[in-house]
Amino acid sequence: MERFFKFSERGTNLRTEIIAGITTFMTMAYIIFVNPGILSAAGVPFEGAATATALGAALMCIAMGLISNRPLALASGMGLNAVVAFSVIGFAQGNVPWQVGMAVIFVEGLIILALVLTGFREAVMNAIPMSLKRAIGVGIGLFITTIGLNESGVIGPDAITLVKLGDFSQPYVWVSLIGLFAIIIFMAFKVRGDILLGMAVATVVALILGVAELPTAVFGTLDFSTFFAPFQQVEGGMALMQIFTPTLLVAVFAIMLTDFFDTMGTVVAIGEQADFINEDGTVPGAKGILAVDSAAAVTGGLFGASSITTYIESAAGVAEGGRTGLTSVVTGIFFALAAFFAPIIAMVGGGIMFEDRGTIYPITAGALIIVGFFMMKGVKDISWDNVADAFPAFITIVGIPLTYNISYGIGFGFISYTLIKLFTGKTKEIHPLMYVISAAFVVAFLDAAGVFTALFG
């Protein structure tokens, strides 16, 4: 084990790596409860999503540890799961079957994997201006926060003002608020596993107020109903074959873009903390890391867990001294064990259905709000004094939550950036691929508006 993981070379030992792996799991474990809740709102079977989330994270954490030997853990991505549930599939499964949504993730992962293996990834990355890269993350953060506030009951829908203050006489609102502030307090005191512990507080309050009930069992059987979702038969055909529409193909690209840059930012950030970044800013063994991350997206779509991606929470394990892949392997083992606690997952991540406002998820809502808060950091790095860069970033940031569609927000930003640069004579600043991407978004918007249907029936 010493020879394989290179403990001495990296200044660590077996005990440190195990503790680091447990710490990373504690900071990421909230995804086991949150992800099934988000996906189930779009029609994905909750129990199946819980099994897929835990086992998918377990498999890819172990793969990352063994292949890259870096302390990078993976699980279903926050933000990306919201894309699948609320943009691709559509709220309450109103647009496309959830299996087709998972097929979008499956194909997106295959494309990224191909880009990594061919080296074309750098060309795509260089085509997107940095201001838009940052804006996408911020916009998704606001989107997740909006979802969290709605699922907590703090805000609700309104026919005239679009949103309104929620009903604070409802106990589930207080469950959410107490859970949220518990997380904030744990964060302020730098307690490891702050999100998970905050959810534990919310769970206790939910039980006291009668919002949740104790499960009749602790252990449950694994549910594989979401596995191989892209190849399941739905609405008379294989789900995978139903993604070839302009809207869904744009969704493939939009998710790929988000997955693409989120991973790169995470790897660089963790690499700097763990001291495995070269002086020129390159990451040793980056191709292997990105290959596993890309394969994780494929696996997420295949399992029905949404896109699995590298987590910034890996920083918690690194802070505990984790420097090798054993940290990730230990994290993966704990995820695998968690798969057998489905009744507890259902209690924490399950929702309360209301006819007038959809489903409320009081215990996990606070985690969504906090993750959205984390994703706001990039807004400070946008050049707000440069209108040609700032306005496309702004329209991206507000477009994502206000249209309740991440693809639309990104499209607004890309099209406005290309047009502003074009009409101000700054064509040299437009990468050729930006014309292609912007044109693809225009086609998607026309299709969504029903233009093609009106013209061609």
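Is K190 buried or exposed? K190 is exposed, since its relative accessible area is 72%, where exposed stands for over 50%, buried for under 20% and partly exposed for the range in between, computed with a 1.4 Å probe on protein chains only.

The note concerns a predicted model, in which local features need pLDDT of at least 70 and side-chain atom pairs count only at pLDDT 80 or more, while totals for chains, interfaces and linings use all residues. Residues are numbered from 1 along each chain as its sequence is written, and side-chain values use heavy atoms, with hydrogens and water left out.

1. On the backbone at K190: this residue sits in the loop that joins α9 (171-188) to α10 (194-208), where helices (H or I, at least four residues) and strands (E, at least two) are DSSP runs numbered from the N terminus. K190 is not a glycine, yet its phi is positive, at about 55°. Most residues other than glycine have a negative phi.

2. On S306, which may be read alongside K190: S306 too is a non-glycine residue with a positive phi, here of about 70°. S306 belongs to the loop between α12 (286-303) and β6 (308-310), and with a relative accessibility of 0% it counts as buried.

3. On the length of helix α18: the helix covers residues 406-423, and its 18 residues, taken at 1.5 Å a residue, should span 26 Å, which agrees with the 26 Å that separate its end C-alpha atoms. The expected span is 1.5 Å times one less than the number of residues in the helix.

4. On the surroundings of α18: the buried residues of this helix include I406, I410, F414, Y417 and K421, and several glycines are among them as well, namely G409, G411 and G413. Just after α18, G425 takes a positive phi of about 75°.

5. On L422, a residue of helix α18: L422 is partly exposed, because its relative accessible area is 38%. Not counting residues up to four places away in sequence, L422 touches T427, I430 and Y435, a contact being heavy atoms within 4.5 Å. Between the C-alpha atoms of L422 and F354 there is a separation of 48 Å, the two residues being 68 residues apart along the chain.

6. On T16, in helix α2 (residues 14-28): T16 is buried, because its relative accessible area is 17%. When its neighbours within four places in sequence are left aside, T16 is in contact with E320, G321 and G322.
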